[in-house]
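Me: I would like to learn how to read a few features of a structure. Could we take them one at a time?

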Amino acid sequence: MTSTEAVPAAAQTFTSLNPGTGEVVGTHPIHDAAHVQAVVATARKEAERWQALGFEGRKKALVKWRKVIARRMDELASLMARETGKPQGDALLETALAIDHLAWAASHAEKVLKRRSVSPGLLMVNQAASVEYRPLGVVGVIGPWNYPVFTPMGSIAYALAAGNTVVFKPSEYTPGVGVWLADTFREAVGRPVFQVVTGYGETGAALTTAGVDKVAFTGSTATGKRVMAACAETLTPVVIEAGGKDALIVADDADLDEAAEATLWGAAANAGQTCAGVERVYVHDRVYDEFLDKLVAEARKLKAEPGGQVGPITMPSQVDIIRRHIDDALARGGRALVGGPVPEGARFVQPTVLVDVPEDSAAIQEETFGPTVTVTRVRDMDEAIERANGTRYALGSTVFSKDQGMAIAERLRAGMTAINGVISFAGIPTLPFGGVGDSGFGRIHGPDGLREFTYPHAIARQRFKPAIALTTFRRTAKEEQQLTKVVRGLYGRGRK
Ligand code: NDP
């Protein structure tokens, strides 16, 4: 099942199911700690060879893999659609974006990471200074089920392009997608540079203690903390891409049709199971009613149903969280203008628009991860910004305004902001993606995403003897006076 070899076989298996139909999609091994360690050992051996290929050699290998994925993207998308329940079109879009990131990482790694000269500064003018970004070794990637290709690829592609080997533990809900990725890599490249291990949370936990050089985790904040605690034992660095409670702000000069459409898509696409999905909307008093009418009219047309544009909730326990948030909002004076309480046993949650929801309720403060959105009237943009910044999460954000987009965006506490679009930042390979606060830290995508899987190596090379020798026991009192004079001359005067 996996692309590893010479490692102990797994004694037990588990199945992945189609959440829309209950059909068994695949059976996979539950890998234990011994297996995970053996896979990491293989990855460690392979790391030297992968690094020795250099940027050009790795780029060639990644391009081969990219071509295989692009040629067979329909197959990957339908496997993803079956494992998550998401519509095939959404799975195709996700695959396309992942391929674009893989292409960017492969072709830009050299430019971003290779050794470059930097200024040595005035006091060290006799030195030539340079820095390069070196691979860490083996990176462990722990992925989620909501975007089982796009999200882990943000770590996998960038870590590989930076010269690391990778061991990937996909979510127990989407193991087939992880296996497919590792198998196609093996087919294209022929070496166990990128391998997969499957199983439940214990397999993921085993990966964090298997001696990897970094862990890239995407999932809940609570599990992120557990991963970080496990990694602390060995001082293993981590990237944590945790949840969000993203706000969308509608200013009084916004295009309201566009804003309503973006709100609905941002809230309900992928059945709302998007870390940077829209969960809260703050609308200027002057346009609140008109915006709400448009949103409600659009939302009423959208249905969660088999084969529809909104699929089932992938993880059964998530339905209870969504139900709790809606029930709590309604019990505390909120109203559902579209959708409403979620029936017991439901796997499809209808798009839901909530208004008059108190700001301290779960539906506004906690990650819902369902196709629901709260809409709140604000008197001005100061209030909108204050409320948008008012949760412990800070991942993405959105602003709709003709003229104030940048001014509002610059005051938002968030890793990313889309202006007059929604989640657009995630599809731009040059932009870093990640959060602050309970949304995590570290970055995938872009130059920052490449550097995340490296460590900087600095070199200072003396070009000629310094005029004033400072780092020697032969330094004289006269040289110290000269130094004082130079520093005063450089930094003690003037206005700059
Ligand atoms: P988790 O955080 O529990 O799981 C994410 C990944 O971590 C999975 O691969 C999981 O494996 C693995 N894992 C679980 N326990 C451990 C552990 N102790 N050590 C290492 N790895 C572990 O998320 P869930 O899938 O349970 O979703 C729960 C909530 O997380 C959602 O309700 C949503 O709010 C949020 N979430 C956010 C995502 C985002 O994009 N930021 C993505 C997914 C979820 P396994 O699946 O096998 O248990």
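Reading cysteines, rings and an annotated site

Reply: This is a predicted model. The structure holds zero disulfides.

Me: Why is there no bond between C231 and C275?

Reply: A disulfide needs two cysteine sulfur atoms within 2.5 Å. The cysteine sulfur closest to that of C231 belongs to C275 and is 20 Å away, too far for a bond. C231 counts as buried because its relative accessibility is 0%. C275 also counts as buried, at 15% relative accessibility.

Me: How many aromatic pairs are there, and how is a pair described?

Reply: A pair of aromatic rings is described by the distance of the centres and the angle of the planes. The structure holds nine aromatic pairs. One of them joins W145 and F369, with 5.6 Å between centres and 90° between planes, which is edge-to-face. W145 is in the loop between β5 and α5, and F369 is in the loop between α12 and β14, so the pair ties together parts 224 residues apart in sequence. Both W145 and F369 are buried.

Me: Which residues form one aromatic cluster?

Reply: The cluster is formed by W50, W65, F168, F185 and F194.

Me: Where does the charged end of R58 sit?

Reply: It sits over the ring of F55, 5.0 Å from the ring's centre. R451 lies over the face of Y133, at 5.3 Å from the ring centre.

Me: Which residue does UniProt list for "active site"?

Reply: The unreviewed UniProt entry lists E241. E241 lies in strand β9 and, at 5% relative accessibility, counts as buried. Its contacts beyond four places in sequence include F217, F433 and R443.

Methods:
Residues are numbered from 1 along each chain as its sequence is written. This is a predicted model: local features need pLDDT of at least 70, side-chain atom pairs count only at pLDDT 80 or more; totals for chains, interfaces and linings use all residues. Side-chain values use heavy atoms; hydrogens and water are left out. UniProt positions are given in the numbering used here, feature names are shortened, and annotations may be inferred rather than shown by experiment. Helices (H or I, at least four residues) and strands (E, at least two) are DSSP runs, numbered from the N terminus. Buried means under 20% relative accessible area, exposed over 50%, partly exposed in between (1.4 Å probe, protein chains only). Contact means heavy atoms within 4.5 Å. Rings of Phe, Tyr and Trp (its six-membered ring) pair if their centres lie within 6.5 Å; planes under 30 degrees apart count as stacked, over 60 as edge-to-face and the rest as tilted. A charge sits over a ring if NZ of Lys or CZ of Arg is within 6 Å of the ring centre and within 35 degrees of the ring normal.
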